[in-house]
Amino acid sequence: MKLNICTYLFLSTSLISMTSFADEAVKKSLHTFSGNIGVVSEYILRGNTAAPENDQAAVQGGLDYQHESGFYAGYWGSTLGYSLTKKDLISGKYTGSKAFENDFYLGYQGNITDNIGYTVGGTYYYYYQSDADSNTTETLIGFNYKDFSLTTQTLLGDVEWGNKGDTYLLASYHYILPQEFTLNAALGAYYYRDKGKFEEELKTDKTFAFRHLTVGLSHPLGDTGANVSMDYIIGGKLRDDTSLKNKVVFALKYDF
């Protein structure tokens, strides 16, 4: 699940042109396409250091489309360190080839004032080589003020990793430092529902819990379009009251 989903892009384009060349320039500026590819030392979802999505290096990447009106759509994927194809009845662990996470998302972003923005949208999670009990949709509602943002993401169905109504709350802040460094901070918490198709396995003990505090630094690699980052994750609690350990994650990412 893509963590940094609240990136606010607002384009400004003139709608009046005097020549066909100008018309074509305006037409092209209505649409923006971008992408990224990278590798992380571990894929830790929303601070869950007790059960990383991939406890080894994971390859991740995505493609994004943005329209001048505020509409956006995109795809993001990641290699996973486990399989969801078959569960061994004796060990209780999944066996088989590794799965792959696919996130398809769309939504709308807008401005309330020059400094205040919002976004509404949703994401469909599809795990390749998995069964339907792992795939679901999640809504997104977010607000941002300058470099600060607050988002809520809510599950719309019962799955093996959550109950319908589970809501992830994330507050994030980005601050430009000297020498082209950027400070990135994120505070995550969860509201857990204690009823659902898979509640017997999920064992919800807490309905609300601090999930993680993540503090990190990122830095571009010259003008290559690549950047490196290091995040320190301070663990909180899972729904079954499991205490999460602290961990450091390194990443290399290229934007295009």
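Hi everyone, let me begin with contacts: among those in the protein between residues at least 6 apart in sequence, 52% join residues at least 24 apart. Please keep in mind that this is a predicted model.

A little more of the overall picture, then. The protein has two helices and 14 strands. Of its 256 residues, 38% are buried. The accessible surface comes to about 14,300 Å², and carbon and sulfur atoms account for 62% of that.

Let's go to the strands, starting with strand 9, which covers residues 148-155. Which of its side chains are buried, and which are not? They alternate along the strand. Ser149, Thr151, Gln153 and Leu155 point to one face and are buried. Phe148, Leu150, Thr152 and Thr154 point to the other face and are not buried.

Strand 9 has partners too. Strand 8, residues 136-145, pairs with strand 9 in the antiparallel sense over eight bridges. In that pairing, Glu138 stands opposite Leu155; please remember Glu138, as I'll return to it. The hairpin of strand 8 and strand 9 has two residues between the strands, and Lys146 there takes a positive phi near 55 degrees. Strand 9 also pairs with strand 10, residues 167-176, again antiparallel, over seven bridges. Here Leu150 stands opposite Ala171 in strand 10.

Next, strand 14. Strand 1 and strand 14 run antiparallel and are joined by five bridges, with Gly38 opposite Lys253 in strand 14. Strand 13 also pairs with strand 14 in the antiparallel sense, over eight bridges. One facing pair there is Val228 and Leu252, the latter in strand 14.

Now for the charged side chains, which I suspect many of you were waiting for. As a general point, side chains of opposite charge can pair when their charged atoms come close. How many salt bridges does the structure hold? It holds seven, and I'd like to show you some of them.

Back to Glu138, as promised. Its side chain meets that of Arg46 in a salt bridge, at 3.0 Å from N to O. Glu138 lies in strand 8 and Arg46 in the loop between strand 1 (31-40) and strand 2 (58-67), so this pair ties together parts that are 92 residues apart in sequence. Are these two residues buried or exposed? The cut-off for buried is under 20% relative accessible area. Glu138 counts as buried because its relative accessibility is 2%, and Arg46 is buried too, with a relative accessible area of 3%.

Another salt bridge joins Arg239 and Asp166, whose closest N and O atoms are 2.6 Å apart. This pair also links distant parts of the chain: Arg239 sits in the loop between strand 13 (226-235) and strand 14 (247-255), and Asp166 in the loop between strand 9 and strand 10, 73 residues apart. Arg239, at 7% relative accessibility, counts as buried, and Asp166 is buried with a relative accessible area of 2%.

My last example is Lys237 with Asp241, whose side chains meet in a salt bridge at 3.7 Å, N to O. Lys237 is partly exposed at 28% relative accessibility, and Asp241 is partly exposed as well, with a relative accessible area of 32%. Which residues make up the network of salt bridges here? Lys206, Lys237 and Asp241 are the ones linked.

That's my tour, and thanks for listening!

Methods. Residues numbered from 1 in each chain as written. Predicted model: local features only at pLDDT ≥ 70, side-chain atom pairs only at ≥ 80, totals over all residues. Heavy atoms only, no water. Helix = DSSP H or I, 4+ residues; strand = E, 2+ residues; numbered from the N terminus. Buried < 20%, exposed > 50% of the residue type's maximum accessible area, 1.4 Å probe, protein only. Contact = heavy atoms within 4.5 Å. Areas by Shrake-Rupley, 256 points an atom, 1.4 Å probe, with all protein chains shown as cover. Pairing = 2+ DSSP bridges. Salt bridge = Lys/Arg side-chain N within 4 Å of Asp/Glu carboxyl O.
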